[in-house]
There are 2 protein chains.
Amino acid sequence: MSEANGPRPTLEAVAARAGVSRATVSRVVNGGAGVRGTVQEKVRRAVAELGYVPNSAARALVTRRTGAVAVVIAEPETRVFSDPFFGRQLRGISRELSAADTQLLLLFVAHRDDYDRIGRYLAAGHVDGALMFSLHRDDPLPAMAAGAGLPTVYGGRPGWPGAEREPRPLYVDTDNRDGARQAVRHLVERGRRRIAVITGPLDQTSALDRLHGYRDALAPAGPDPRLIADGAFTAHGGERAMARLLDAVPDLDAVFASSDLMANGALRTLRARGRRVPDDVAVVGYDDLEPAAWADPPLTTVRQDVEEMGRLMARLLLRRLGTQGAGGPALRPVITGAELVIRESSG
Amino acid sequence: MSEANGPRPTLEAVAARAGVSRATVSRVVNGGAGVRGTVQEKVRRAVAELGYVPNSAARALVTRRTGAVAVVIAEPETRVFSDPFFGRQLRGISRELSAADTQLLLLFVAHRDDYDRIGRYLAAGHVDGALMFSLHRDDPLPAMAAGAGLPTVYGGRPGWPGAEREPRPLYVDTDNRDGARQAVRHLVERGRRRIAVITGPLDQTSALDRLHGYRDALAPAGPDPRLIADGAFTAHGGERAMARLLDAVPDLDAVFASSDLMANGALRTLRARGRRVPDDVAVVGYDDLEPAAWADPPLTTVRQDVEEMGRLMARLLLRRLGTQGAGGPALRPVITGAELVIRESSG
DNA sequence: ACACGTCTTGAGAGCGCTCTCATATCGTGT
DNA sequence: ACACGATATGAGAGCGCTCTCAAGACGTGT
């Protein structure tokens, strides 16, 4: 890097130094197709000597491509950074994107007023596309993205009104219902009778689908409504939900928590109330991330390959961006499988 | 938002519709200084009708400002998303930045090859400045930022060789040494004799400073080297470090962990080995984030206002960006205080 | 009535790049 | 030797915006 820290060199400067035209330098910088080897060599040297780096704004202005995509998470930072689920998924996304030399911009939306800011940002063409997570039913984000014509892939099946209209939203999801069914069936098979459920916020499809899976496994009997509590997908929420469940139905003998984090919260409450796990109460979680293996006792849980889901989302978006005008093969949502992992907490 | 989803309207289009010149529209869009009220009104209406949003690339090209800053964390995603420290700090940063209508881009650097990509990104002028965290001693990032002339503020005192040369790097840090000193003194006062320490990676100044604080509190005696173990700032690392310490010095009666996460890991090991806390072994953590209050028993720890540190970093950078050429008052590093919070784990 | 300063507006250059199109260069077959 | 297509290079327009500068509109004091 040449340390002549003045104004940064432009294409023009490189061209002058290499004794060629701007156009030729541009060609070399972008791969060098159709430029003689000796000339390429000369240009490359000039680039190195000057420490030339293309100005991304100028490039974006003419190509109408920024080489960046936004990852939008509709949760407060503190929640995002305490749930390993996001980290894992983000890792998958980040892997896939950097392989395609695309930048990842992380945006959080928590407050009402953030929406405006983010909406403007997305519409301003800072990014070529967006990956959106953790949307709740009435989230205005999808409409904003659609309005701005921004290609978007969702994490989890979108549940907003009108999501079934064309064009169909693109998303990656796991079979939450089946996963929950497996978890609860497992508890039934172990002889548990009063199986409670701690749900996520029911305006998210993943939470709702897991609740449906729970219902499926208990059919045709149907669950006791007192055995259902909302844990908001946080450890704290799980803790409180467990307390409410125990108050309502003291003799419950199992609980299916729709996330490992909530299961951990439940475990805390059970311990505090002197219930032994799994002897008195069996516990099953969902996700199979660190908190599951770390729990005491280690959690029986439902595994989903979160990192792979992230990769799939990124790949879907990248493909979508590639086939902008060109019709290409129609892209469709992806549903991955769920698998029960049995550990000590379910007896 | 007008849903005529064709090519997005330009300034030109708005000008035509409002019956004024491009320049006037530009003025209105940027605040409207020096434009008559009635004209502003007219332009605003045209903007709304057309759903005009300024093209950020074009704007950035001429202003040489992008309105975005990068937050670079030199850790793998999985670590970042399991340590609430980052989340908290990021929240502070994000608050401060959005108040100034500046976007935050989050970038992770974990692998060797990420450095190239990020370096190019930072040099390409995608952002006006950078906030960097968790740098280790030989990190090439600062040199890259300096080479690209990118204004940068560091989280934690930089420890790379040459950091004392001009121009002095800007950073925000807490008084880690003093915090650690308070923690260990507290243990001494409680009558503990064999006080172990679990450190972070010693190529980070925060980890090193805390170790120094530990030494200070034990002076002039000086610590037994077998009482020092590295826990890498992770829960798992803390767990293993505690095991090593117990193997080496079975009768230790206290441990100062340089982060709450490591303290939690230590707690796990102690429980597994049948040591009671605080009766047999007193434990003190550092950070005072969720894991501290959540621990069993709740942790005595050293509080630092992490969110405020984030805010300060952002503010420092913003101020730095504001005073680009204009000399302004010289900006200087900020050191915040640390405060001992006593809970059950220290007896 | 006039000259003057102030406020408001428009014309036009130019930010650094890509890309089309025309021109220059080359190799090949006759 | 020549015409021809293929290949390599350069000239120049233009992406959408900001900003300087000049010109026009308007009010004030004499």
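## A tour from the DNA strands to the sheet of chain A

Begin with the residues that line DNA strand C: sorted by class, this surface holds 13 nonpolar, eight polar and six charged residues. Bear in mind from here on that what is on the screen is a predicted model.

**First selection: the surroundings of DNA strand C**

Select DNA strand C together with the 27 residues that surround it, and colour A:Leu11, A:Ser26, A:Tyr52, B:Thr24 and B:Arg64, which are the closest of them. On the DNA side, sugar and phosphate make up 65% of those atoms of DNA strand C that come within 4 Å of the protein. Now show the helices, and you will find that α2 and α4 of chain A, along with α2 and α4 of chain B, each contribute at least two residues to the surface near DNA strand C. The element that gives the most to this surface is α4(A), which supplies five residues.

With the side chains displayed, three contacts to phosphate oxygens of DNA strand C can be visited in turn. At B:Arg64, a polar side-chain atom lies 2.6 Å from a phosphate oxygen of this strand, and at B:Thr24 the corresponding distance from a polar side-chain atom to a phosphate oxygen is 2.7 Å. At A:Arg59, a polar side-chain atom is placed 2.9 Å from a phosphate oxygen of DNA strand C.

**Second selection: the surroundings of DNA strand D**

Move the selection to DNA strand D, which is surrounded by 27 residues, the closest being A:Thr24, A:Arg64, B:Leu11, B:Ser26 and B:Tyr52. By class, the surface near DNA strand D consists of 13 nonpolar, eight polar and six charged residues. Of the atoms of DNA strand D that lie within 4 Å of the protein, 65% belong to sugar or phosphate, while the rest belong to bases.

Four helices each supply at least two residues of the surface near DNA strand D, namely α2 (22-29) and α4 (56-63) of chain A and α2 (22-29) and α4 (56-63) of chain B. Which helix gives the most to this surface? That helix is α4(B), with five residues.

Three contacts deserve a stop here as well. In A:Arg64, a side-chain N or O atom is 2.6 Å from a phosphate oxygen of DNA strand D, whereas in B:Arg22 a side-chain N or O atom is 3.1 Å from a base oxygen of DNA strand D. At B:Asn55, a polar backbone atom is 3.2 Å from a phosphate oxygen of DNA strand D.

**Third selection: the domains of chain A**

Hide the DNA and colour chain A by its domain assignment, which gives domain 1 (11-54), domain 2 (68-174 + 307-335) and domain 3 (176-304 + 341-346). If you mark the C-alpha centres of domain 1 and domain 3 of chain A, you will find them 62 Å apart.

**Fourth selection: a parallel sheet in chain A**

Next, select the four strands of chain A that form an open sheet in the order β7-β6-β8-β9, with parallel pairing. At its edges are β7 (228-230) and β9 (282-284) of chain A, each of which pairs on one side only. Neighbouring strands of this sheet are turned against each other by 20° on average, direction ignored.

Zoom in on strand β8 (residues 254-257) of chain A, which pairs with β9(A) in the parallel sense over three bridges. Which residue of β9(A) is the bridge partner of A:Ala254? The partner is A:Ala282.

Finally, add helix α11 (residues 235-248) of chain A, which lies across β6 (195-199), β7 and β8 of chain A and runs at about 150° to β7(A).

Conventions. Residues are numbered from 1 along each chain as its sequence is written. Chains are lettered from A and ligands numbered from 1 in the order in which they are written. This is a predicted model: local features need pLDDT of at least 70, side-chain atom pairs count only at pLDDT 80 or more; totals for chains, interfaces and linings use all residues. Side-chain values use heavy atoms; hydrogens and water are left out. A residue is near a molecule or strand if one of its heavy atoms lies within 4 Å of it. A polar contact is a pair of N or O atoms within 3.5 Å; within protein, one must be able to donate a hydrogen and the other to accept it, and residues adjacent in sequence count only if both atoms are side-chain atoms. Ala, Val, Leu, Ile, Met, Phe, Trp, Tyr, Cys and Pro count as nonpolar, Asp, Glu, Lys and Arg as charged, and the others, Gly among them, as polar. Two strands pair if DSSP finds at least two bridges between them. Axes are lines fitted to C-alpha atoms, for helices over the stretch in contact, and angles run from 0 to 180 degrees between N-to-C directions. Contact means heavy atoms within 4.5 Å. Domain bounds come from an automatic or database domain assignment.
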